[in-house]
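I opened this notebook to look up where the ligand sits and what surrounds it. My entries follow in the order in which I checked things.

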Amino acid sequence: MDLALTEVQQMILETARSFAEKELLPIAHQTDKLGQFPQAQVRLLADLGFLGIAVPEAWGGAGLDNLSYAIAMEEISAGCASTGVIMSVNNSLVCDPIGRYGNDEQKRSFLKPLAQGKVLGCFALSEPGSGSDAAGMRTTAIRDGDHYIINGTKNWITNGKEADICVLIAHSDPKERHKGISAFIVDRRVSAYGIGKVEDKLGIKGSSTTSLVFEDCRVPVANRLGQEGDGFRIAMSTLDGGRIGIASQALGIARAAYREALVYSRERQAFGKYIGDFGAIQEMLADMATEIDAARLLIWKAAVAKDAKEKYGKLSAMAKLYASEMAARVCTKALQIHGGYGYVKEYNAERHLRDARITEIYEGTSEIQRLVIARETLMQYPIG
Ligand code: CAA
């Protein structure tokens, strides 16, 4: 793998880093404290083309590759993890499946405004009774002439409150398991659905997480993504890409926590020395730096494989598994290095740890990533 960035990728890195420093670092603390959606910053992300990074320019996107997306996600999340997930969902879970499975009319009506940031998207797969067992969903989409009638409740929906466009996965044939699942683009302005409970979360408090309530919600047949029965495959392949985004978010959070711990270790004194001069702190810093770089290599490998149109599901699961667990370890160490100050809200260390924790859960728990990796690895070695 060539690790040198192209001129464009380098430019994306610098643009995203300087945007994060100027626009996100100053608001991240308040965004978390007030649980406030960073509206103005999301608008600026749209101006940069960061809400549809890998969408072709013809469909309103920046026309870049998935490595650029991963690089931008790391930088934006290092500035503000809430802004990171808002961006990630719009790119990976909404623009990506519409770009891959949508017809031209769907791309014109939905992908273009989503990639331009004129509307925001959300992705509705999980339900109150089904998370890891995605095919165990209960929401139905029953055909009625030119429409499907949707009934059911979706849970844990990032951007649920703000999104106008929802990529919805539901059973069009409830007798079947995954083969009876279909995918739809639901435009809330036309096919109204309710916003249910707004979750009060441990971290990423600036992004909304809600349930969505569908009660006889009529969605035109023209809004179905792909064919009837394609929905599970669409959802799973969408998550393969989404996991690169979340791995990059975890990496950005870890890097922010590490940097602050490093600075603190050069300022704080104990026993007449800077704490960074003690072996105990140096060991932590060395492990943190090593794990951060290791995670980036896994993420870039998955993104490059996606760009090369190679199989990348296992690689993105590995990247997410390692980066999310790494982020929790790094943020715990960063908090520890800050001592008592790490435990109070005056410093960012506790926020980083709270933000990092979700990356081990959403878009597939660590347990699901291990399952995906193990299944694919074992498949390559038939029994006997
Ligand atoms: N790409 C394409 N197709 C895939 C696929 C993939 N990555 N993975 C599976 N499939 C296909 C299989 O080939 C199979 O198709 P056939 O029957 O035609 O061969 C079909 O899907 C069923 O596959 P499995 O038998 O493997 O299905 P399963 O029921 O055992 O589940 C699972 C597999 C990996 C556990 C899956 O359910 C899963 O990934 N669960 C986790 C779900 C998840 O990540 N949820 C996160 C929600 S999004 C979110 O977090 C919200 C947010 O807003 C941030």
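I looked first at the domains, whose bounds come from an automatic or database domain assignment: domain 2 (122–229) and domain 3 (233–380) both give residues to the shell around the ligand, so the ligand lies between them. I note that this is a predicted model, in which local features need pLDDT of at least 70 and side-chain atom pairs count only at pLDDT 80 or more, while totals for chains, interfaces and linings use all residues. Residues are numbered from 1 along each chain as its sequence is written, and side-chain values use heavy atoms, with hydrogens and water left out.

I then looked up the shell, counting a residue as near if one of its heavy atoms lies within 4 Å of the ligand. I found 24 residues around the ligand, the closest being Ser132, His178, Asp240, Glu363 and Arg375. Helix 6 gives the most, with seven residues, and strand 3 (147–158), helix 6 (231–265) and helix 10 (366–379) each supply at least two; helices (H or I, at least four residues) and strands (E, at least two) are DSSP runs, numbered from the N terminus.

Next came the polar contacts, which are pairs of N or O atoms within 3.5 Å. A backbone N or O atom of Ser132 is 2.8 Å from a nitrogen atom of the ligand, whereas side-chain N or O atoms of Arg177 and Lys179 lie 2.8 Å and 3.2 Å from an oxygen atom of the ligand. I also noted that the protein covers 71% of the 1100 Å² of accessible area that the ligand has on its own, by the Shrake-Rupley method with a 1.4 Å probe.

Conventions:
Polar contact = N/O pair within 3.5 Å; in protein donor to acceptor, adjacent residues only side chain to side chain.
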